[in-house]
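Trainee: I am new to this structure and would like a close look at a single part. Please take the sheet of one chain, and then place that part in its surroundings.

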Protein chains: 2
Amino acid sequence: MTYTTALTALADPTRRAVFEKLRSGPASVQQIANGLPVSRPAVSQHLKALREAGLVRDEPRGAARIYSIHTPGLRALRDWIEGFWDEALVNFKAHAEKQE
Amino acid sequence: MTYTTALTALADPTRRAVFEKLRSGPASVQQIANGLPVSRPAVSQHLKALREAGLVRDEPRGAARIYSIHTPGLRALRDWIEGFWDEALVNFKAHAEKQE
DNA sequence: CCGTTGTGTAAGTCATTACTTACCGTAAAT
DNA sequence: ATTTACGGTAAGTAATGACTTACACAACGG
């Protein structure tokens, strides 16, 4: 749920492909794996990592499980970047003023 | 310079430690390596990855090189997250309305 | 000019991890 | 009650990548 797990989760290309497939809407594991160049169990393992990072959530629909985007992971990552951004700007200003 | 290289660059813990060390201001390679549990060449390799991701920049100061935070990498990553965020919200709404 | 300081790069090793196949549990269906 | 569809997990393998030591090159000082 922290920004570090979100970063490591989104670093892998195929895991990012799984994540981006959910961008257009919820989908089952088979629907996600369909079109991807890896096997279905591989997709399951990636979904597990994404779920533990707070990036997706799953819900049982009959015998299937429907995965969808979950916000906490992205929120944690976004907040970290935003804070870093602000502090970097402040320190850049301070450094520039000290240059004169 | 794209968000994918920034993601993979920030995924590694020690590389993130290098990056966060520059948060408080510019520093040389030795200053960065000092206090980190890895060798100086390792820090150089991490800095190379961060530079190629548009996250840091370097400037020669005598025989040394001074590294500092560079904004384009973080900007690319932030923009990607922001766009993803918005589109995910829209699709979530559409999906919720279709549920009724 | 020679030694020192500061850094980047090459080659090789070791750990991490992404992927496959095989198997097991669950839920609807005929 | 068997069969069929869907998905998670285990074990083993292959590939990725992070780290070390050794070397090479540039800048400054004696």
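Mentor: A word on terms comes before the sheet: a residue is near a strand of DNA if its C-beta atom, placed from the backbone, lies within 6 Å of that DNA strand. The model is predicted, and the term will be needed further on.

The part to look at is the sheet of chain B. Three strands of chain B form an open sheet in the order β1-β3-β2, and the pairing is antiparallel. β1 (27-28) and β2 (56-61) of chain B stand at the edges, and each has a single partner strand, so one side of each has no neighbour in the sheet.

Take the β1(B) edge. β1(B) is joined by two bridges to β3 (residues 64-69) of chain B, and the two run antiparallel. Ala27(B) stands opposite Tyr67(B) in β3(B).

On the other side, β2(B) and β3(B) pair in the antiparallel sense over six bridges. Here Arg57(B) is placed opposite Ser68(B) in β3(B). β2(B) and β3(B) also form a hairpin, with two residues between them. Gly62(B), in the turn, has a positive phi of about 70°. In a regular strand the side chains alternate between the two faces of the sheet.

A helix packs on this sheet. α4(B) touches β2 and β3 of chain B, and its direction makes about 120° with that of β2(B). α4(B) also meets another helix: its axis and that of α2 (residues 13-21) of chain B come within 10 Å and cross at roughly 80°. That angle makes α2(B) roughly perpendicular to α4(B). From α2(B), the contact is made by Thr14(B), Arg15(B), Val18(B) and Phe19(B); from α4(B), by Val43(B), His46(B), Leu47(B), Ala49(B) and Leu50(B). By type, the residues of this contact are six nonpolar, two polar and one charged.

Next comes the DNA. Around DNA strand C there are 23 residues, of which Ser39(A), Ser28(B), Gln30(B), Pro41(B) and Ala64(B) come nearest. α4 of chain A, together with α3 (29-33), α4 and β3 of chain B, each supply at least two residues of the surface near DNA strand C. The largest share of that surface, six residues, comes from α4(B), the helix that packs on the sheet. The surface near DNA strand C divides into nine nonpolar, nine polar and five charged residues.

DNA strand D has 22 residues around it, and Ser28(A), Gln30(A), Pro41(A), Ser44(A) and Ser39(B) come nearest. For the surface near DNA strand D, the largest share, five residues, is from α4(A). That surface has nine nonpolar, nine polar and four charged residues.

The two protein chains also touch each other: 19 residues of chain B are in contact with 19 residues of chain A. On the chain B side, α1 (3-11) and α5 (71-99) are the elements that give two or more residues. The largest share, 10 residues, comes from α5(B). The residues on this side of chain B divide into 11 nonpolar, five polar and three charged.

Last, a note on confidence for the partner chain. Chain A has a mean pLDDT of 92, and 94% of its residues reach 70 or more. Among the elements of chain A, α5 (residues 71-99) has the lowest mean pLDDT (84) and α4(A) the highest (98).

Key:
Residues are numbered from 1 along each chain as its sequence is written. Chains are lettered from A and ligands numbered from 1 in the order in which they are written. Helices (H or I, at least four residues) and strands (E, at least two) are DSSP runs, numbered from the N terminus. Ala, Val, Leu, Ile, Met, Phe, Trp, Tyr, Cys and Pro count as nonpolar, Asp, Glu, Lys and Arg as charged, and the others, Gly among them, as polar. Two residues are in contact if their C-beta atoms, placed from the backbone, lie within 7 Å. Axes are lines fitted to C-alpha atoms, for helices over the stretch in contact, and angles run from 0 to 180 degrees between N-to-C directions. Angles under 35 degrees count as roughly parallel, over 145 as roughly antiparallel, 65 to 115 as roughly perpendicular and the rest as oblique. Two strands pair if DSSP finds at least two bridges between them. pLDDT is the predictor's confidence in each residue, from 0 to 100.
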